[in-house]
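I opened this entry to keep a record of what I looked up in the structure, and in which order. The side chains come before the backbone.

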Amino acid sequence: MGKLLVLTVLITIVGIATWCALPMLLPQSPPQLDANEWWGPMDMKGKVDASIKPFQVKFTEEMIKDLKNRLQNKRQLVPPLEGIGFEYGFNSKEIEPWAKYWSEEYKFGDREKFLNKFPQYKTNIQGLNIHFIRVKPQVQPGVTVVPLLLMHGWPGSVREFYEAIPLLTKPVSGYDFAFEVIVPSLPGYGFSDAAVRPGLGSAQIGVIFKNLMNRLGHKKFYIQGGDWGAIIASQMATMFQNDILGMHSNMLIVQTGCSTLKILVGALFPSLIVESHLADRMYPLWKYFSYLMEEFGYMHLQATKPDTVGVALSDSPTGLLSYILEKFSSWTRFEHRTLVNGGLTFRFSKDQLIDNLMVYWASNSITTSMRLYAENMSNKNRALDIDKFSTSVPAWALQAKNELFYQPPNILKHKYSNLLGVTVLDDGGHFIAFEMPKVFADDVFKAVKLFRDFHKTKTEL
């Protein structure tokens with residue numbers, strides 16, 4: 001019986017290894033998307049101004065007055081159940097202090113100035129006015145300036161990177177480069193236009209961002225992303241392998257049949273898949289699936305009926321606050337669900353979190369931001385199946401302890417053949433650039449140095 005078990009395990013390992021190796025042994029080219037696909041009004045096609053224009057965030061008096069009125073005149077909320085923290089969602093007893101702070105203590109003028117602290121611009125790409133931050137470093141001779149595209153996700157915004165930008169755009173001891181940072185708002189998020197017709201998913205956003213970087217004079221560049229930004233980065237690194245110099249991701253995952261099979265095998269034989277001290281980030285699977293059932297209901301809603309949810313959230317700032325901040329609670333630490341205050345100020349200040357809310361509220365973009373889920377899960381975009389194609393772009397993963405997903409290198413290397421390494425943190429959550437900007441920036445520097453060394457070695461060979 002023991003020999004039969006060993007033989008079964010060996011056959012399973014060989015079978016999985018063979019199946020997983022086939023894409024590398026028989027590589028296919030990823031799909032080529034239309035670089036000029038038009039997402040704006042058709043009557044404007046061929047008529048738009050492609051120049052780059054300065055932009056500033058503006059909180060108008062009319063908007064502020066209306067917002068305060070909505071916050072101060074909300075109806076009586078239903079009290080939470082006894083003994084409950086955030087397990088049922090945002091604890092309604094905690095709404096009042098947040099709404100009061102937003103309407104009475106949040107300094108709109110000062111925060112508007114803060115949000116405008118970095119140079120910002122808009123330019124029309126494929127029919128959409130794309131908003132972006134662009135910060136160039138001041139460097140001494142001998143220090144190279146390299147372009148870095150930073151991409152946020154949902155329910156975040158460019159605000160996530162404000163603490164990290166100064167760290168990335170100044171020279172650091174031990175490195176002979178600093179970053180020119182470009183931080184765009186995803187289409188339909190914040191101050192970037194939304195598509196006027198269906199179809200704009202993460203791959204198409206990758207095309208738009210490549211065109212943006214090209215317009216800014218960068219034919220080759222580095223990319224970084226988390227959440228949707230991580231997915232967009234992965235697809236850019238797959239579609240544009242000659243243009244992306246390196247990819248840093250704080251949510252690097254592979255979603256293929258092979259990766260799923262490996263995860264299932266690991267449930268029986270964890271040591272085949274993951275190091276023992278990290279096994280609890282993946283197993284037992286029942287715990288992982290229970291987590292998905294509890295925390296990912298929002299995804300199904302947004303992938304099927306984003307406009308219905310959007311009506312409530314765009315009309316009620318209290319609703320928007322509870323819906324978005326709940327994610328900053330449980331996605332930073334899952335155990336924050338049991339706290340009455342959700343642990344929201346564990347790593348974030350109220351101003352930081354409300355700044356992010358203001359990006360959504362001032363631009364009225366919550367509905368269009370949620371549509372990305374529906375677009376990405378449409379039959380048309382799922383058929384692209386870009387994840388099944390491998391990429392030779394050098395990659396690096398920053399893996400926070402409380403990130404939503406964890407996969408070990410032996411799964412990640414199935415797609416990212418030049419995964420140069422991973423940084424495994426014993427701290428941090430989903431919004432790592434926002435939560436731990438110094439750790440984030442240090443890791444980006446470390447990764448890009450390795451990317452640059454990788455290319456030098458490749459050139460020498």
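**Charged pairs**

I began with Arg70, which is partly exposed, with a relative accessible area of 29%; here buried means under 20% relative accessible area, exposed over 50% and partly exposed in between, with a 1.4 Å probe and protein chains only. I note that this is a predicted model, in which local features need pLDDT of at least 70 and side-chain atom pairs count only at pLDDT 80 or more, while totals for chains, interfaces and linings use all residues. Residues are numbered from 1 along each chain as its sequence is written, and side-chain values use heavy atoms, with hydrogens and water left out.

I then looked up the partner of Arg70: its side chain meets that of Asp66 in a salt bridge of 2.8 Å, N to O, the term standing for a side-chain nitrogen of Lys or Arg within 4 Å of a carboxyl oxygen of Asp or Glu. Asp66 counts as partly exposed because its relative accessibility is 32%. The two residues are four apart in helix 2, so about one helical turn separates them; helices (H or I, at least four residues) and strands (E, at least two) are DSSP runs, numbered from the N terminus. In general, an α-helix has 3.6 residues a turn, so residues three or four places apart point the same way.

The structure holds 22 salt bridges, and I followed Asp355 next. Asp355 forms a salt bridge with Arg111, with the closest N and O atoms 2.5 Å apart. This pair links distant parts of the chain, since Asp355 is in helix 13 and Arg111 in helix 4, 244 residues apart. Asp355 counts as buried at 0% relative accessibility, and Arg111 counts as buried at 14%.

The side chain of Asp355 also meets that of Arg159 in a salt bridge of 3.0 Å, N to O. Arg159 lies in the loop between strand 4 and helix 5, so its pairing with Asp355 in helix 13 ties together parts that are 196 residues apart in sequence. Arg159 counts as buried because its relative accessibility is 0%. I recorded the wider arrangement as a network of salt bridges that links Arg111, Arg159, Glu163 and Asp355.

**Rings and charges over them**

Arg111 came up again when I searched for charges over rings, a term that requires CZ of Arg or NZ of Lys within 6 Å of the ring centre and within 35 degrees of the ring normal. Arg111 lies over the face of Phe114, 4.4 Å from the ring centre, and Arg281 lies over the face of Tyr406 at 5.8 Å from the ring centre.

A search of the whole structure gave me 30 aromatic pairs; rings of Phe, Tyr and Trp (its six-membered ring) pair if their centres lie within 6.5 Å, and planes under 30 degrees apart count as stacked, over 60 as edge-to-face and the rest as tilted. Trp154 and Tyr373 form an edge-to-face pair, at 5.9 Å centre to centre and with 90° between the planes. Trp154 is in the loop between strand 4 (144–151) and helix 5 (165–168), whereas Tyr373 is in helix 14 (residues 366–376), 219 residues apart. Both Trp154 and Tyr373 are buried.

**Core and helix packing**

Which residues have the most contacts inside the largest nonpolar core? They are Trp154, Leu168 and Phe209, in a core of 130 residues, where a nonpolar core is a set of buried Ala, Val, Leu, Ile, Met, Phe, Trp, Tyr and Cys residues joined through side-chain atoms within 4.5 Å. Leaving aside neighbours within four places in sequence, I found Phe209 in contact (heavy atoms within 4.5 Å) with residues including Ile130, Leu149, Met151 and Ile232.

In helix 3 (residues 95–105) the buried residues are Ile95, Trp98, Ala99, Tyr101, Trp102 and Ser103. These pack against helix 2 (61–72), helix 4 (108–115), helix 12 (317–330) and helix 13 (350–363).

**Backbone**

Trp154 returned in my search for cis peptide bonds: one joins Trp154 and Pro155, with omega about 0°, and Pro155 has its place in the loop between strand 4 and helix 5. The peptide bond from Tyr283 to Pro284 is also cis, with omega near 0°. I placed Pro284 in the loop between helix 8 (257–268) and helix 9 (285–295).
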